[in-house]
Amino acid sequence: MDIDDFGPKEPTCRMLEANDKRAYFIVRDWNLETANSLRRVMLAEVPTLAIDTVEVLDNTSVLADEFIAHRLGLIPLIAEDVDKLIDFRDCDCEDSRCDNCSVTLRLKAKCTGNDVMKVYARDMVIESMPPSDKLGQPVITDAEGNGSCIVKLRKGQAIDMRCIAKKGIAKEHAKWAPSAAIGFEYDPANKLHHLDLWYEGDDPKKEWPVDETRVDLDGGPEKTDEPFNYDAVPERFFFDVETVGGLSPDSIVNNGIKVLQQKLASVIKELTGVDEASAGLDGAQSPTMDGGFGNDGYGNDGGYTTPGYGGANAYAGGTTPYGATPYGGAPGW
Amino acid sequence: MEGSKILCNAKLINDNPNTQGRDYVKQKTHAEENLPDRFELFILDEGQQKIEVREETKVPNTTVFTFNKEDHTLGNLISQRLLKYDYITFSAYKVPHPLFATFELRVTTDGSITPKDAVVRCCKDVIQDLSKVSMSFQGEWLNQKIIEEGQRDAEVRDQGNY
Ligand SMILES: [Zn+2]
């Protein structure tokens with residue numbers, strides 16, 4: 001898996017870990033600016049679902065209304081199909097709470113017994129008719145199947161709240177963040193000398209632990225007998241995407257790429273006046289796209305395609321295997 | 001920071017003897033009044049353009065693009081990527097003030113292409129690169145997922161044998 005020296009290099013991924021919580025992978029033959037932009041987009045601009053308005057019908061618990069509302073906002077909700085919701089700011093409905101732009105959950109609980117009662121995320125029930133069944137359910141990952149604890153109630157106390165969940169991005173509020181954490185690193189052996197390690201003794205190498213596994217994956221440790229290459233740039237990137245639960249890790253990455261592509265497409269549209277995305281709807285769908293990775297199954301829903309520049313683009317490394325560039329499908333972001 | 005807006009349903013609350021006298025839509029506090037809405041970071045103001053293009057008259061083949069409601073994600077990406085093309089002689093961006101979601105991208109070319117076309121071409125190339133990463137990622141994800149699920153199944157089977 002080392003360098004192939006013929007032809008222009010194309011970015012490729014290598015997956016190290018893939019499960020319900022985590023996508024740990026390397027992208028090689030890429031560049032720092034695009035890798036970092038993808039990281040930023042996955043942190044702050046991938047749309048998810050979170051409770052944004054709370055109607056308090058009853059609250060006799062010891063916690064204040066706004067305190068509980070804040071807790072409700074932070075509860076992760078399944079957002080696999082958020083693309084099917086429109087942005088509530090673009091919706092024509094009154095109070096922005098129709099089935100096209102929101103999911104309504106009801107939290108209703110009363111303590112009647114003598115023991116303290118805990119109210120959990122699992123007690124929230126979807127009241128509205130969401131456009132998909134993969135939308136709005138509270139995320140539950142614990143073995144008991146409870147989800148997050150919201151309040152505790154004593155005998156006679158009750159809460160009843162109507163929670164309106166909307167699509168949003170973490171740039172507005174962290175409750176919409178799809179990822180709990182994103183690890184991002186290049187050059188773990190510090191061969192490029194981008195890091196100047198702080199040390200107390202006489203040798204930083206003695207004081208800083210080395211991640212041997214990562215160094216091996218990145219072409220081994222620094223060769224001290226060779227002269228330093230001043231032209232070397234980072235081209236291998238470690239991504240470690242951990243989900244909060246609303247989106248699967250691969251969806252975060254796929255949607256992140258899609259959002260970034262849409263961002264760039266909007267720049268093209270703004271500067272040229274040509275809407276590349278809608279121009280693609282006329283039927284320039286790339287045939288190899290469907291054959292290879294299909295119109296989907298995993299994320300890239302029926303991407304729009306850009307006609308024209310795909311096949312003959314000499315700049316991004318010659319002809320691409322698939323004639324045109326798929327943009328992300330869904331409208332909105 | 002508030003997690004979600006609160007509305008109280010006055011009637012229902014008043015019907016409940018346990019909860020008296022609460023009839024409000026949450027008012028902004030003094031501090032919140034001065035706080036800009038967070039969506040101003042990514043939603044264009046009334047009548048605002050996404051990109052303002054200004055030709056630099058003092059230097060040939062130079063344009064300053066002002067991107068509104070964008071940040072380093074796009075600024076660093078485009079300005080750095082542009083530097084890789086032979087016909088670019090200058091490319092950089094700046095965020096004039098950290099409180100305003102805007103950046104200025106200044107591009108100079110050697111004259112064989114206009115700065116605007118250079119930016120457009122750059123964006124198209126990045127879109128293509130991202131598509132390649134996406135393809136590769138999806139294939140790798142599926143492979144690895146199958147491998148890990150196979151391993152888990154094998155472990156379950158092994159435990160059953162004991
Ligand atoms: Zn609506």
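This briefing describes a two-chain model with a zinc ion, going from the chains as wholes to single sites.

The model is predicted, so that local features need pLDDT of at least 70 and side-chain atom pairs count only at pLDDT 80 or more, whereas totals for chains, interfaces and linings use all residues. Residues are numbered from 1 along each chain as its sequence is written, chains are lettered from A and ligands numbered from 1 in the order in which they are written, and side-chain values use heavy atoms, with hydrogens and water left out.

**The two chains**

- Chain A holds seven helices and twelve strands, where helices (H or I, at least four residues) and strands (E, at least two) are DSSP runs numbered from the N terminus.
- Of the 333 residues in chain A, 50% are buried, a term that stands for under 20% relative accessible area, with exposed meaning over 50% and partly exposed the range in between (1.4 Å probe, protein chains only).
- In chain A, 75% of the contacts between residues at least 6 apart in sequence join residues that are at least 24 apart, a contact being heavy atoms within 4.5 Å.
- The surface exposed by chain A is about 15700 Å², with carbon and sulfur atoms supplying 50% of it; such areas come from the Shrake-Rupley method with a 1.4 Å probe, and for residues only the protein chains shown count as cover.
- Chain B has four helices and five strands, and its elements follow the order β-α-α-β-β-α-β-β-α from the N terminus on.
- Chain B has 162 residues, 43% of which are buried, and its accessible surface comes to about 9500 Å², with 51% belonging to carbon and sulfur atoms.
- For chain B, 48% of the contacts between residues at least 6 apart in sequence join residues at least 24 apart.

**The zinc site in chain A**

- The zinc ion is coordinated by the SG atoms of Cys91(A), Cys93(A), Cys98(A) and Cys101(A), at 2.2 to 2.3 Å; donors are N, O and S atoms within 2.8 Å of the metal (3.2 Å for Na, K and Ca), and since water is not among the atoms, sites may look incomplete.
- The arrangement of the four donor atoms is tetrahedral because they subtend angles of 103 to 115° around the zinc ion, the criterion for four donors being that all angles lie between 85 and 135 degrees.
- Along the sequence, the donor residues are spaced C-x1-C-x4-C-x2-C.
- Cys91(A) counts as buried at 15% relative accessibility, whereas Cys98(A), at 21%, counts as partly exposed.
- Cys91(A) sits in the loop between α2 and β4 (102-110) of chain A, and its C-alpha atom is separated by 9.9 Å from that of Ser102(A), eleven residues apart along the chain.
- Apart from neighbours within four places in sequence, Cys91(A) is in contact with Ile86(A), Cys98(A) and Cys101(A).

**Helix α2 of chain A**

- In helix α2 (residues 65-73) of chain A, the buried residues are Asp65(A), Ile68(A), Ala69(A), Leu72(A) and Gly73(A).
- Viewed down the axis of α2(A), these buried residues fall within an arc of 145°, so they line one face of the helix; the arc is that of the directions from the helix axis to the C-beta atoms.

**Positive phi in two aspartates of chain A**

- Asp29(A), although not a glycine, has a positive phi of about 55°; this residue is found in the loop between β2 (22-28) and α1 (32-44) and is buried, with a relative accessible area of 17%.
- Asp187(A), also a residue other than glycine, has a positive phi near 50°; its place is in the loop between β9 (179-186) and α3 (204-207), and at 9% relative accessibility Asp187(A) counts as buried.

**An annotated span and one residue of chain B**

- An unreviewed UniProt entry places the feature "domain: DNA-directed RNA polymerase RBP11-like dimerisation" at residues 64-134 of chain B; UniProt positions are given in the numbering used here, feature names are shortened, and annotations may be inferred rather than shown by experiment.
- The end C-alpha atoms of residues 64-134 of chain B lie 32 Å apart, and the span is 44% helix and 28% strand.
- Phe90(B) lies in strand β4 (residues 88-94) of chain B and is partly exposed, with a relative accessible area of 38%.
- Leaving aside neighbours within four places in sequence, Phe90(B) is in contact with Arg106(B), Val107(B) and Thr108(B), while the C-alpha atoms of Phe90(B) and Asp71(B), 19 residues apart along the chain, are separated by 20 Å.

Key
Tetrahedral: all angles 85-135°; square planar, octahedral: opposite > 155°, others 65-115°.
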